[in-house]
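The following exercises concern one protein model and are to be worked with the sequence and coordinates at hand. Each task is followed by a stepwise solution.

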Amino acid sequence: ELKLPSYKGQSPQLSLRRYFADLIAIVSNRFTLCPSARHLAVYLLDLFMDRYDISIQQLHLVALSCLLLASKFEEKEDSVPKLEQLNSLGCMTNMNLVLTKQNLLHMELLLLETFQWNLCLPTAAHFIEYYLSEAVHETDLHDGWPMICLEKTKLYMAKYADYFLEVSLQDYAFLNYAPSLVAAACVASSRIILRLSPTWPTRLHRLTAYSWDFLVQCIERLLIAHDNDVK
């Protein structure tokens, strides 16, 4: 995590970034790819866009190539989307775009050379499962009362943590924080929404190595996005 490339937020296409992050999320859901593949794909896209001026048509190729690379790195081989499956997507047919094997290979090579063949880039999704192991405990209080059903609360915690992870994908401002911090803030935000107390227990401070004060700014961003969604 300490060796992650710097992100400057200087892409000329930054206004399109949300659209392509959403596109990656939709396509990864369509092929039921794991969260770490989705998050790695968006992170690769962010880093690549930050370094190059890319046309809108080319951005579709870049985004899907990032998703392919990430799924090859994170998933089993039979889960990786095939060329004909990608070409049948609505976003491709609507824009009259056709991916060729040669184009994809060329783009994958360009991406790999850009990242010096290192795709071992941690994202918030890589940390969340580890944090979820301690996110809820039977000693936690719900609305100030002892918890009635621990297993049910753990399920809700996992759902909210996943929701906040997706929120963090939608805004490049979250790239200003370390991925481990974003993951910790997702757990803390979920505990706030689920009205669990203490909000940030000692065990989570110890596990994540983040105190409450370190997380507050990131938590506020996540909760503002949540409030906007609710509205």
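**Exercise 1.** What distance separates the centres of domain 1 and domain 2, taken over C-alpha atoms?

*Solution.* The model is predicted: local features require pLDDT of at least 70 and side-chain atom pairs count only at pLDDT 80 or more, while totals for chains, interfaces and linings use all residues. Residues are numbered from 1 along each chain as its sequence is written, and side-chain values use heavy atoms, with hydrogens and water left out.

Step 1. Take the bounds, which come from an automatic or database domain assignment: domain 1 is 14-115 and domain 2 is 124-230.
Step 2. The C-alpha centres of domain 1 and domain 2 are 28 Å apart.
Step 3. To their contact (heavy atoms within 4.5 Å), domain 1 contributes 14 residues and domain 2 contributes 11.

**Exercise 2.** Determine the area buried between the two domains and the salt bridges across their interface.

*Solution.*
Step 1. Buried area is the accessible area (1.4 Å probe) that two parts lose on being put together, summed over both.
Step 2. For domain 1 and domain 2 this area is about 1100 Å², with 61% given by carbon and sulfur atoms.
Step 3. Apply the salt-bridge rule (a side-chain nitrogen of Lys or Arg within 4 Å of a carboxyl oxygen of Asp or Glu); one such pair is found across the interface of domain 1 and domain 2.

**Exercise 3.** How many salt bridges does the rule count?

*Solution.*
Step 1. The count is eight.
Step 2. Among them, Arg38 pairs with Glu166, with the closest N and O atoms 3.0 Å apart.
Step 3. Another salt bridge links the side chains of Arg18 and Asp22, at 3.1 Å from N to O.
Step 4. Helices are DSSP runs (H or I, at least four residues), as are strands (E, at least two), numbered from the N terminus. Arg18 and Asp22 both belong to helix α1 (residues 17-30), where they are four residues apart, about one turn of the helix.

**Exercise 4.** Characterise the largest pocket and its lining.

*Solution.*
Step 1. On a 1 Å grid over the protein atoms alone, a pocket is an open set of points where a 1.4 Å probe fits, with protein on both sides within 12 Å along at least five of seven lines; lining residues have an atom within 4 Å of a point. Points are joined across faces, edges and corners, and the volume is the space filled by probe spheres set on them.
Step 2. The largest pocket has a volume of about 380 Å³. Of its 23 lining residues, Tyr43, Phe174, Leu175, Tyr177 and Pro179 are the closest to the centre.
Step 3. Helices α2 (35-51), α8 (150-170) and α9 (179-193) each supply at least two lining residues, and α2 gives the largest share, four residues.
Step 4. Domain 1 and domain 2 each provide at least three residues of the lining.

**Exercise 5.** Locate the unusual backbone geometry.

*Solution.*
Step 1. Most residues other than glycine have a negative phi, and most peptide bonds are trans.
Step 2. Ser197 and Pro198 are joined by a cis peptide bond, with omega about -5°; Pro198 lies in the loop between β3 (196-197) and α10.
Step 3. Gln116 has a positive phi, near 50°, and is placed in the loop between α6 (101-114) and α7 (124-132).
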